[in-house]
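Hi everyone, thanks for coming. I'd like to walk you through a structure you may not have looked at before, so pull it up and follow along.

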Amino acid sequence: MPSIAEERIARLHELARDATEAREFDRSREYVRLARRLDERHRCGLPREFKRFSCDACDVYLVPGLNARVRLQSGRVVVRCDCGHIDRFPYRD
Amino acid sequence: MALTPERLTRHELNGLPIRVAAADNPDLVGIAGRVVVETMQTLHVDCDVSAASRLFGDDVAERGARVVQVPKRGTTFEFALEQRDGGSNGPPRTNEAAGNRRHHLDESSDTRRRRRKAPGSASKRESETAGNLAGQSGSTREGSSDDGSSGDCEGVVYVTVDGANLLSRPALRTENVGESTWR
Ligand SMILES: [Zn+2]
């Protein structure tokens with residue numbers, strides 16, 4: 001049974017993705033910031049997909065091919081936001 | 001913990017269809033659309049009339065495609081909650097079942113609203129803060145009430161909320177009740 005905070009985060013996840021797809025990047029940032037704030041207050045964590053597809057530097061929600069570049073290197077996924085921030089996530093074969 | 005009328009004031013407002021039912025500023029009445037930004041004292045409504053008129057009927061002011069900032073204080077909002085299938089709601093409901101559910105929700109939310117303290121107050125100072133906030137918003141209508149009468153769409157519940165109950169930072173509205181997990 002998800003709590004209200006978790007449900008709000010799930011809703012904000014959809015809203016942030018839709019905002020990015022509509023090129024409303026600043027609105028997307030506000031949704032991501034609000035979701036992160038809810039996580040801080042309720043300590044409920046963010047879904048992994050949310051963490052990986054939001055920029056740590058400028059908070060925008062990342063949609064590959066639209067405002068993010070996703071590349072595979074040996075042993076890691078590299079996600080680069082349009083602002084220039086790069087995230088690397090390890091993976092195992 | 002689905003989004004129900006009782007939990008609306010603690011739940012996410014962004015993205016919900018909304019209509020301004022009554023306001024101190026008469027120019028704001030009839031604004032309908034989708035909440036896109038929430039601030040501590042205001043809601044920004046994206047006036048997409050085509051989508052709004054489907055849910056709210058013809059009682060919608062023509063605003064064009066723009067975002068209007070509406071103060072929460074002194075305004076009465078009407079939200080349209082579409083009951084989604086799945087989750088705890090179980091199988092899709094018939095018209096009759098939806099009607100019953102709406103009635104039931106109205107009753108329970110009425111009682112709940114009456115004993116709910118004002119949003120934004122910390123849990124330790126419940127009664128006196130609630131009194132103060134109620135006094136602040138003296139010009140608005142007493143409390144808030146639900147009505148399910150204004151729409152015919154199946155599975156849509158219309159919730160009327162006094163904007164004074166929403167006066168809170170968006171991230172803090174959820175945590176009025178119960179023990180905080182923050183230490
Ligand atoms: Zn970025």
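**A loop, a helix pair and a partner chain**

Let's begin with Asp59(A), which sits in the loop between α3 and β1 (68–73) of chain A. Before I go on, keep in mind that this is a predicted model.

So what's odd about Asp59(A)? Its phi is positive, about 70°, even though Asp59(A) is not a glycine. As a bit of background, most residues other than glycine have a negative phi. And is Asp59(A) buried or exposed? There are 20 other C-beta atoms within 10 Å of Asp59(A), and the cut-off for buried is 20 or more, so Asp59(A) counts as buried.

Now compare that with Arg43(A). Here again we have a residue that is not a glycine with a positive phi, this one about 50°. You'll find Arg43(A) in the loop between α2 and α3 of chain A. Arg43(A) has 12 other C-beta atoms within 10 Å, and 12 or fewer counts as exposed, so Arg43(A) is exposed. Arg43(A) also comes after α2(A). Something similar goes on after α1(A), which is followed by Arg23(A), with a positive phi near 65°.

Okay, on to those helices themselves. α1(A) has 18 residues, and from its first C-alpha to its last it reaches 26 Å, close to the 26 Å expected at 1.5 Å a residue. How about α2(A), residues 25–42? With 18 residues at 1.5 Å each, α2(A) should span 26 Å, and its end C-alpha atoms are indeed 26 Å apart, so the two values agree.

How do the two helices sit relative to each other? The axes of α1(A) and α2(A) come within 8 Å and cross at roughly 165°. Angles over 145 degrees count as roughly antiparallel, so that is what we call α1(A) and α2(A). Their crossing is left-handed. If you want to click through the contact, on the α1(A) side it includes Ile9(A), Leu12(A) and Ala16(A), and on the α2(A) side it includes Phe25(A), Tyr31(A) and Leu38(A). By class, the contact of α1(A) with α2(A) has 12 nonpolar, 4 polar and 3 charged residues.

Next, which residues of these helices are tucked away? In α1(A), the buried ones include Ile4(A), Arg8(A), Leu12(A), Leu15(A) and Ala19(A). A handy reminder here: an α-helix has 3.6 residues a turn, so residues three or four places apart point the same way. The cover over the buried residues of α1(A) includes α2 and α3 of chain A.

In α2(A), the buried residues include Arg27(A), Glu30(A), Tyr31(A), Leu34(A), Leu38(A) and His42(A). What covers them? Part of the answer is α1 (4–21) and α3 (48–52) of chain A, but β2 (32–38) of chain B is in there as well.

That brings us to the other chain. How many residues of chain A are in contact with chain B? It's 19 residues of chain A, meeting 16 residues of chain B. On the chain A side, α1 and α2 each supply at least two residues. The most comes from α2(A), with 8 residues. By class, that side of chain A has 9 nonpolar, 2 polar and 8 charged residues.

Let me finish with a quick tour of chain B. Chain B has 3 helices and 6 strands, and from the N terminus on they run β-β-β-α-β-β-α-α-β. Of its 183 residues, 32% are buried. Then take the contacts in chain B between residues at least 6 apart in sequence: 65% of them join residues at least 24 apart.

Two places in chain B to look at. One is Pro71(B), in strand β4, residues 67–71. Pro71(B) has 16 C-beta neighbours inside 10 Å and counts as partly exposed. Setting aside neighbours within four places in sequence, Pro71(B) is in contact with Gln41(B) and Thr42(B). The C-alpha atoms of Pro71(B) and Ser168(B) are 12 Å apart, with their positions 97 residues apart along the chain.

The other is Gly155(B), in the loop between α3 (126–136) and β6 (156–162) of chain B. Gly155(B) has 17 C-beta neighbours inside 10 Å, which makes it partly exposed too. From Gly155(B) to Thr39(B), 116 residues apart along the chain, the C-alpha separation is 29 Å.

That's my tour, thanks for listening!

Technical notes
Residues are numbered from 1 along each chain as its sequence is written. Chains are lettered from A and ligands numbered from 1 in the order in which they are written. This is a predicted model: local features need pLDDT of at least 70, side-chain atom pairs count only at pLDDT 80 or more; totals for chains, interfaces and linings use all residues. Helices (H or I, at least four residues) and strands (E, at least two) are DSSP runs, numbered from the N terminus. The expected span of a helix is 1.5 Å times one less than its number of residues. Two residues are in contact if their C-beta atoms, placed from the backbone, lie within 7 Å. Ala, Val, Leu, Ile, Met, Phe, Trp, Tyr, Cys and Pro count as nonpolar, Asp, Glu, Lys and Arg as charged, and the others, Gly among them, as polar. Axes are lines fitted to C-alpha atoms, for helices over the stretch in contact, and angles run from 0 to 180 degrees between N-to-C directions. Angles under 35 degrees count as roughly parallel, over 145 as roughly antiparallel, 65 to 115 as roughly perpendicular and the rest as oblique. A crossing is left-handed if the near helix is turned anticlockwise from the far one by less than a right angle, and right-handed if clockwise.
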